[in-house]
Amino acid sequence: MAQYEDLEIDQGTDVAIQIELETADGSNKNLTNHSVVAKMKRGFNSDSASTQDFNCIVNSPPTSGIITLSLTNNQTNALSPGKYLYDVELYFADSSDAIITERVLEGSIRVKPSITR
């Protein structure tokens, strides 16, 4: 089950969100051969025009369990102020090459308006 966290983003700024993932015993999650995808949008049923993809990377070394989500100032400047929903998912292939999806984080994001644009 995904963890839940509310976030705030300032419109028109560069944003980097670092997420540290752990296993049930508290050790770093090994993210070798994992990929990560994260999106935000106005609501669950919003169309793709209101969807913003995060730039996502698994930090090196992947055994540290750290991923970084980012948006450029141009991306956040294009966002309308207000509330959005987001989630972060990991993808990896199991021993039989089946693709496994794991949602690791979800919540809401409040985009705060910029006065200096």
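This passage describes the fold, the sheets and the salt bridges of a predicted model.

A good place to start is the chain as a whole. The protein chain has 117 residues, and 33% of them count as buried. Its secondary structure comes to one helix and nine strands. Read along the sequence, these elements follow the pattern β-β-β-β-β-β-β-α-β-β. The C-alpha atoms fill a box of roughly 50 × 30 × 20 Å, taken along the principal axes. About 7,200 Å² of the protein chain is exposed, and carbon and sulfur atoms supply 47% of that area. Among the contacts with a separation of 6 or more, residues 24 or more positions apart account for 65%.

With this outline in mind, the strands can be taken in turn. Strands of a sheet pair through backbone hydrogen bonds, and the pairing may be either parallel or antiparallel. In this model, three strands form an open sheet in the order β3-β7-β6, with antiparallel pairing. Strands β3 (15-20) and β6 (55-58) stand at the edges of this sheet, and each has a single partner strand, so one side of each is left without a neighbour in the sheet. On average, neighbouring strands here are turned by 20° against each other, with direction ignored. The pairing of β3 with strand β7 (residues 66-71) is antiparallel and is made by six bridges. Within this pair of strands, I19 stands opposite I67 in β7.

Strand β4 (residues 35-41) offers another view of strand pairing, and it also has two distinct faces. V36, A38 and M40 make up the covered face, whereas S35, V37, K39 and K41 make up the uncovered one. Seven bridges join β4 to β8, and these two strands run antiparallel. In this pairing, V36, from the covered face of β4, stands opposite L90 in β8. Strand β4 is also joined to strand β5 (residues 52-53), this time by two bridges, and again the strands run antiparallel. Here K39, from the uncovered face of β4, stands opposite D53 in β5.

Strand β5 also holds Q52. This residue counts as buried because its relative accessibility is 16%, which is under the 20% limit for that class. Which residues surround it? Leaving aside neighbours within four places in sequence, Q52 is in contact with A38, K39 and M40, and also with L71, Q75 and L79. Two of these partners, A38 and M40, belong to the covered face of β4, while K39 belongs to the uncovered face.

Side chains of opposite charge add a further set of links. The structure holds eight salt bridges. In one of them, the side chains of R110 and E8 meet at 2.9 Å, N to O. This pair links distant parts of the chain, since R110 lies in strand β9 (residues 99-112) and E8 in strand β2 (residues 7-10), 102 residues apart. R110 counts as partly exposed, with a relative accessibility of 42%. R110 and E8 also belong to a wider network of salt bridges, in which they are linked with D10 and K112.Another group of salt bridges involves R103. The side chains of R103 and D87 meet at 3.4 Å, N to O. R103 lies in strand β9 and D87 in strand β8 (residues 82-93), 16 residues apart, and the pair links distant parts of the chain. At 38% relative accessibility, R103 counts as partly exposed, and D87 falls in the partly exposed class with a value of 22%. R103 also meets the side chain of E89 in a salt bridge, at 3.5 Å, N to O. Because E89 lies in strand β8 and R103 in strand β9, this pair ties together parts that are 14 residues apart in sequence. Is E89 buried or exposed? E89 is buried, with a relative accessible area of 15%.

Technical notes: Residues are numbered from 1 along each chain as its sequence is written. This is a predicted model: local features need pLDDT of at least 70, side-chain atom pairs count only at pLDDT 80 or more; totals for chains, interfaces and linings use all residues. Side-chain values use heavy atoms; hydrogens and water are left out. Two strands pair if DSSP finds at least two bridges between them. Helices (H or I, at least four residues) and strands (E, at least two) are DSSP runs, numbered from the N terminus. Axes are lines fitted to C-alpha atoms, for helices over the stretch in contact, and angles run from 0 to 180 degrees between N-to-C directions. A salt bridge is a side-chain nitrogen of Lys or Arg within 4 Å of a carboxyl oxygen of Asp or Glu. Buried means under 20% relative accessible area, exposed over 50%, partly exposed in between (1.4 Å probe, protein chains only). Contact means heavy atoms within 4.5 Å. Accessible areas come from the Shrake-Rupley method with a 1.4 Å probe; for residues, only the protein chains shown count as cover.
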